[in-house]
Amino acid sequence: MTRDAYADRCEDLFALGGFTEARKAAEAGLAELGPDPVLYRWLGLAHAAEDDDDHDADAEAAYEAGLAQWPDDLGLLVSYLELCLRADTWSYPGRAARVERLKERIAVLAPAGSPEAARVDAALGWAGRGYWQDVRRRTAAATADRAASTSHADDVAEALARGGGRAPAHPEDLRAVEVAAALELLDGPGRAPLRLVVRHRAAAYATALLLAIATNKALVLSGAVSYSVWGWIWFVPLLLAESRLRQARRLARERVIAATAARHAAAPEAGQAPAG
């Protein structure tokens with residue numbers, strides 16, 4: 001398997017959030033092909049993406065191993081810079097202290113206007129952001145996630161209206177696999193109420209709200225309680241349905257990552273098949 005093939009495999013898995021699988025691919029490439037700056041970079045990125053102290057240490061080790069042999073590799077230098085910019089100056093003063101040295105080296109190697117220089121500027125902007133920039137970033141991420149969840153629910157509702165049962169056109173089509181996983185998790189006679197909730201999501205929320213208010217008010221007026229929250233139990237089926245949809249998205253991502261890894265693993269075998 002070539003370096004480019006391993007790099008493509010790492011890139012595809014990383015884009016899907018398969019950081020463990022991307023690390024395995026990079027490690028397999030390094031074991032087969034020997035030291036390589038691109039594979040060291042992917043190994044470091046896949047560790048750093050976990051946003052964990054132990055993984056950050058492993059990412060640093062990967063970058064340093066690569067830079068020991070390719071000290072002028074911009075991909076490694078910029079990735080290492082991004083890692084050091086994230087470091088807490090109190091907990092990891094050595095890592096944070098490397099920022100200036102890395103910036104100076106990159107400035108020599110990356111001329112103004114180059115893609116590498118633009119990436120350095122983006123990394124420095126990330127490091128210098130303030131509290132409100134963090135709030136806006138988290139708000140934008142939450143908004144995007146809610147939009148994706150709503151889109152997924154709409155896709156599942158449409159599939160249920162058609163009768164479901166349609167297999168995804170391609171095992172790496174994430175949106176289709178998400179729908180297939182949801183139909184699988186909502187299947188069965190005992191889950192009919194959940195399917196009904198998903199098919200009529202907006203109406204279900206409105207009905208549950210009205211029933212919750214009416215139930216609480218009825219319990220208080222009856223004198224049974226002075227204050228009631230029992231009416232909110234009407235939202236339990238909705239919460240269960242939402243939980244199934246979230247589970248389906250996680251399951252679908254795992255399946256797509258596995259399918260992507262399997263495709264890349266099978267590619268060398270296909271290339272080695274005898275002609276004719």
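**Group meeting: an all-helix chain and its salt bridges**

I will start with one residue: A22 is buried, with a relative accessible area of 1%. Please keep in mind that this is a predicted model. A22 sits in helix α2, which covers residues 19-33. Leaving aside residues up to four places away in sequence, A22 touches C10, L13, F14 and A46. Another pair to look at is A22 and L45: they are 23 residues apart along the chain, and their C-alpha atoms are separated by 9.1 Å.

Now the chain as a whole. How many helices and how many strands does the protein chain have? There are twelve helices and zero strands. Read along the sequence, the pattern is therefore α twelve times over, given that helices and strands are the elements counted here. Of the 276 residues in the chain, 34% are buried. The accessible surface comes to about 15,800 Å², and carbon and sulfur atoms account for 58% of that surface. As for contacts, take those with a separation of 6 or more: 61% of them are between residues 24 or more positions apart.

Next, one helix pair. Two packed helices are described by the angle between their axes and the distance between the axes. For helix α5, residues 74-86, and helix α6, the axes come within 9 Å and cross at roughly 150°. Angles over 145 degrees count as roughly antiparallel, so α5 is roughly antiparallel to α6. The crossing of these two helices is left-handed. On the α5 side, the residues that meet α6 include L74, L77, V78, L81 and L85. On the α6 side, the residues that meet α5 include A96, V99, L102, I106 and L109, and also R95 and R98.

R98 brings me to the salt bridges. The count for this model comes to 17. Which residue forms a salt bridge with R98 at 2.7 Å between the closest N and O atoms? That partner is E60. This pair links distant parts of the chain, with R98 in helix α6, residues 93-109, and E60 in helix α4, residues 53-69, 38 residues apart. Is E60 buried or exposed? E60 is buried, at a relative accessible area of 11%, because the cut-off for buried is under 20%. R98 has a relative accessible area of 23% and is partly exposed.

R98 also forms a salt bridge with E64, where the closest N and O atoms are 4.0 Å apart. Here too the pair links distant parts of the chain: E64 is in helix α4 and R98 in helix α6, 34 residues apart. E64 is partly exposed, with a relative accessible area of 35%. Taken together, E60, E64, R95 and R98 are linked in a network of salt bridges.

The last salt bridge I will show is between R255 and E184, whose side chains meet at 3.1 Å, N to O. R255 is in helix α12, residues 236-271, and E184 is in helix α9, residues 174-185, which puts the two residues 71 positions apart. Both ends are partly exposed: R255 has a relative accessible area of 34%, and E184 has one of 43%.

To recap, the predicted model has twelve helices and zero strands, a left-handed crossing of α5 and α6, and a salt-bridge network of E60, E64, R95 and R98.

Key:
Residues numbered from 1 in each chain as written. Predicted model: local features only at pLDDT ≥ 70, side-chain atom pairs only at ≥ 80, totals over all residues. Heavy atoms only, no water. Helix = DSSP H or I, 4+ residues; strand = E, 2+ residues; numbered from the N terminus. Buried < 20%, exposed > 50% of the residue type's maximum accessible area, 1.4 Å probe, protein only. Contact = heavy atoms within 4.5 Å. Areas by Shrake-Rupley, 256 points an atom, 1.4 Å probe, with all protein chains shown as cover. Axes fitted to C-alpha atoms, helices over the stretch in contact; angles between N-to-C directions. Parallel < 35°, antiparallel > 145°, perpendicular 65-115°, else oblique. Left-handed = near helix turned anticlockwise from the far one by under 90°.
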